Amino acid sequence: MSSDMQDLKKEGRAYLFVFAALIIFTILTVTISKLHVALAVAIIVALAIAIFKGSLVVSFFMHFIHEKKIILWLMFCVFLFFMGMILSLYFGEYSIPHGAKYVP
Amino acid sequence: MDMPYIVKPREDTGLFNAKLGIWLFLSSEVMLFGALFSSYVVLRVGSVGWPHGASILSVPIGMFNTVVLITSSVTMVYAWLSLRAKKFGQFKMHLAFTILLALTFLVVKSFEYGAKFEHHLFPKTSAYLAIYFTLTGLHAIHVIGGIIVNSYFLFPGSKMWQTDPERFINRIEIAGLYWHFVDLVWIFLFPVLYLL
């Protein structure tokens, strides 16, 4: 068997490990959500697990860890913009428009 | 005249054209979904009350769809791996499975939507449902886009394997990057909309 084929087999096995990790962490997210913890804790835990799962997808399935520097820089800038957008809205001063009400 | 760098990478960036193109496209997609996630934060923080996702949506169904999309990401990456191993038959099988799983996701989603409409729960009903339908609807459109692209590569587009295999492998890699992004978005949508 050529070394190329062996490398591909190794890569294939790595994808299966990532798949197993993603399934396990999906089950974990749902299990934790059923525990009656404070909302703030639930949000932090759920998002932390989602970020971990997302980083597995990006790193391995999208082979981001082997990408060229230009892609790493591009996505770093995107990440900064993304976080900036969410955090500026979260920490910024805003108010509910006059007359708006919550409809359950 | 052939366009340069459609197969071989450029000397300056180290990337072939489509690779740089898809990452730029995905960057814009991050900002698109980012804007809607920000809207979710603003609506949720600004609301007097916010329903728990599980009180309106079915968590087992959402979890099933999460597993379906994660599995489709694996079959997609295996389709690319099969081509690199020069196993065209396996490539076709993996890509067909990816499309089948994507269709499964959409069928389940349509049943979910149908159940909500039957209970008179529409986007206009509440801020939660408005952002739920917007985010999942936009995501479903992306799934449909992925099905169209992958179906093209499974049937008419696969002829390129005979004429220009290296370029075809690159095309599947690009389609895969898009598909994994669709999976990535759902990984965040599921806890945000169903579990919190």
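Okay, let's start at the interface: between chain B and chain A there are 2 salt bridges, where a salt bridge is a side-chain nitrogen of Lys or Arg within 4 Å of a carboxyl oxygen of Asp or Glu. One of them pairs Lys19(B) with Glu67(A), with the closest N and O atoms 2.7 Å apart.

Quick housekeeping. This is a predicted model, so local features need pLDDT of at least 70 and side-chain atom pairs count only at pLDDT 80 or more, while totals for chains, interfaces and linings use all residues. Residues are numbered from 1 along each chain as its sequence is written, chains are lettered from A in the order in which they are written, and side-chain values use heavy atoms, leaving out hydrogens and water.

So how many residues are in the contact? Chain B gives 55 and chain A gives 48, with contact meaning heavy atoms within 4.5 Å. Together the two chains bury about 4500 Å², and 82% of that is on carbon and sulfur atoms. Buried area here is the accessible area (1.4 Å probe) lost when two parts are put together, summed over both.

Now look at H2(A), residues 39-61. Helices here are DSSP runs (H or I, at least four residues), numbered from the N terminus. The expected span is 1.5 Å times one less than the number of residues, so these 23 residues should cover 33 Å, and the end C-alpha atoms are 32 Å apart, which agrees.

Its buried residues (under 20% relative accessible area, 1.4 Å probe, protein chains only) include Ala42(A), Ile49(A) and Phe61(A). The buried residues of H2(A) pack against H1 of chain A, plus H3 and H7 of chain B. After H2(A) comes His63(A), with a positive phi near 35 degrees.

Conventions:
Helices (H or I, at least four residues) and strands (E, at least two) are DSSP runs, numbered from the N terminus. Buried means under 20% relative accessible area, exposed over 50%, partly exposed in between (1.4 Å probe, protein chains only).
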